[in-house]
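Here are some notes for a colleague who is opening this entry for the first time. Please keep the structure in view while reading them.

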Amino acid sequence: MDSESALYQYPAEFPEQIQMLEKLDLLFPDIVHVQDLTTQQIIYINDRFTELLGYSKKDLADRGGNLHAVILSESLFNQRAARIEELITRQKQFVEYETLVLHKNQTERLFRTRVAVFRSDAEGNPLETISVSQDITESHLNYTRLLQQQEMHRITEQAFHFGSWEKNLTTGELICSDGLYEVMGHTRETFRKDCADYTSFFTFLDHRDDELVVRTVQEAIDTRQAFRLEHRVMTQEGQEKVLMVVGRPVVNEKGKVTHLVGSIADITLLRQYESALRQKIEELQRSNGELEQFAYAASHDLQEPLRKISAFISRLKQRLGTQEDEEVENYMRRTLQAIDRMRSLIDALLILSRVTRQGKSREIVPLNPIVEEILEDFDAQIAEKGAIIEWDELPEIYGVPVQMRQLFSNLIGNSLKFTDTMRPPIIRIAAQSLSLTQVRQKGLSTARKWVEITLQDNGIGFDPEYKERIFQVFQRLNGRSEFEGTGIGLALCKKIVEHEGGIILADSKPGEGARFTFCLPSAS
């Protein structure tokens, strides 16, 4: 036997105690030690001390054989001493306590210790105590994690208005979470715990849904498949609720369905919102129908009076001939100009109203040919201003060709219109594909691929305060005398882009040009 193994062996003159310690070593995988109450020193300790705490018996001997001074903080040492006093004074037959002890590697371990009197003198005064210390660190951590998970589940149920349930098909027992009672609007007392089937879970289930519920749940049991259904209940206050039930059968090793487990969510507000939304959609559809009728009237009935007014003014001018004076000439000229502006506004509104109707014929649209055609249309204006147009290889998108042409024509036309007379216009068009992360950040549908197109110019720009206002119908930041237009071009751009599910943004500073960024669905 080596010198360390010989340390802390119980005195041989007490064979009965030695036999007891040997049996304890066989029965418990824990630290067992005996302490002399007179010297407060350990007189026996098993090898579990080294296995569980890392200290050797020599480490203990070097510290005077006082185990608790080695592994306990001063406060815990004092607390333990107070508990041992209860044994010495015979207030209790044994004491139990939990302490954090310090491993040799400086980590903390949680132990549960039971202490009893091991040997007494002839008068019954305690001489020694025996302690069995169990490492409960992992079980305590698991218990703490379980409590945390239960609390997280409870908080989640409250936040998302759902509850969980488990139905034992053999015993009929029903187990519900606290969240389920809140969702159902009933107390625990109103729940039946020995229900024969799902419909008798709750005596307040709306019986209009009985047949649907029974059929759905039975089908799930027969097919061993998960199920989902909606049904209505009445709360204790008489309020009707709509619930979404999701469940699945639990199959044992013999292939028999023994349990149903699932959750129930309150979707009453969701269904109310859906109902309100459907009404709004119907109202919008009626409104759109009226707007289309208005657009038809604008293109025919309103255009006709304008043509007649224009014709009458022309005839009046011919009739007056040389007799008209300068003032009359000015009135007639201004009247004809007003008629032209009115006609342009009506035409612009007509184009705006067609966006939704034309959107039904979407197809793959190559953007390069569209830009080339538009630049040919603006050829004279580009040459007159000495404009430089640069663009990358543009992608194919999915949309309506005529609307894409209108979109790029309006944006390029704006850049050629609002130029700085002190420098030649430069317009650059760039495109890039968006990653899934970028798509999410921009609030676009993740079911599609998207391209982002940027049109940048070096024109007069505008105050960033107006970056949203410029997309409104008939909004002009400049006077009609400075720049011609109806004030509807950018509103039309916004409607075209949003009709495709995309977004369009403007960014600018006075004198520093403008940048328009818009996203369109990719055809690739």
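The points below cover a sheet, a helix packed on that sheet, another helix and one charged residue.

1. The model is predicted. Local features are discussed here only where pLDDT is at least 70.

2. Start with the open sheet, which has five strands in the order β7-β6-β10-β9-β8. Its pairing is antiparallel. The edges are formed by β7 (174-176) and β8 (227-234), each of which pairs on one side only. From one strand to the next, the twist averages 25°.

3. At the β7 edge, the partner is β6, residues 162-168. Three bridges link β6 and β7 in the antiparallel sense. To find the register, look for E166, which stands opposite I175 in β7.

4. At the other edge, β8 and β9 run antiparallel and are joined by eight bridges. Here M234 stands opposite E240 in β9. The two strands, β8 and β9, make a hairpin with five residues between them. G238 lies in the turn and has a positive phi of about 85°.

5. Which side chains of β8 point to the buried face? They are F227, L229, H231 and V233. R228, E230, R232 and M234 point to the other face and are not buried, so the side chains alternate along the strand.

6. Helix α8, residues 210-223, packs on the sheet. It touches three strands: β8, β9 (240-251) and β10 (257-266). The direction of α8 makes about 150° with that of β8.

7. Helix α14 runs over residues 401-417 and has 17 residues. From its first C-alpha to its last it reaches 24 Å, close to the 24 Å expected at 1.5 Å a residue. How many of the residues of α14 are buried? The count is 12 of 17, so the helix is mostly covered. Among the buried residues are Q403, M404, L407 and F408, as well as N410 and N414.

8. D30 deserves a separate look. This residue is found in the loop between α1 (15-27) and β1 (31-36). D30 is buried yet has no salt bridge. The nearest side chain of opposite charge is R48, 6.8 Å away, whereas a salt bridge needs a nitrogen within 4 Å of a carboxyl oxygen. Leaving aside neighbours within four places in sequence, D30 is in contact with N46, R48, V132, S133 and Q134. R48 is thus both a contact of D30 and the nearest side chain of opposite charge.

Definitions and conventions:
Residues numbered from 1 in each chain as written. Predicted model: local features only at pLDDT ≥ 70, side-chain atom pairs only at ≥ 80, totals over all residues. Heavy atoms only, no water. Pairing = 2+ DSSP bridges. Helix = DSSP H or I, 4+ residues; strand = E, 2+ residues; numbered from the N terminus. Axes fitted to C-alpha atoms, helices over the stretch in contact; angles between N-to-C directions. Contact = heavy atoms within 4.5 Å. Expected span 1.5 Å × (residues − 1). Buried < 20%, exposed > 50% of the residue type's maximum accessible area, 1.4 Å probe, protein only. Lys, Arg positive; Asp, Glu negative; His and termini not counted.
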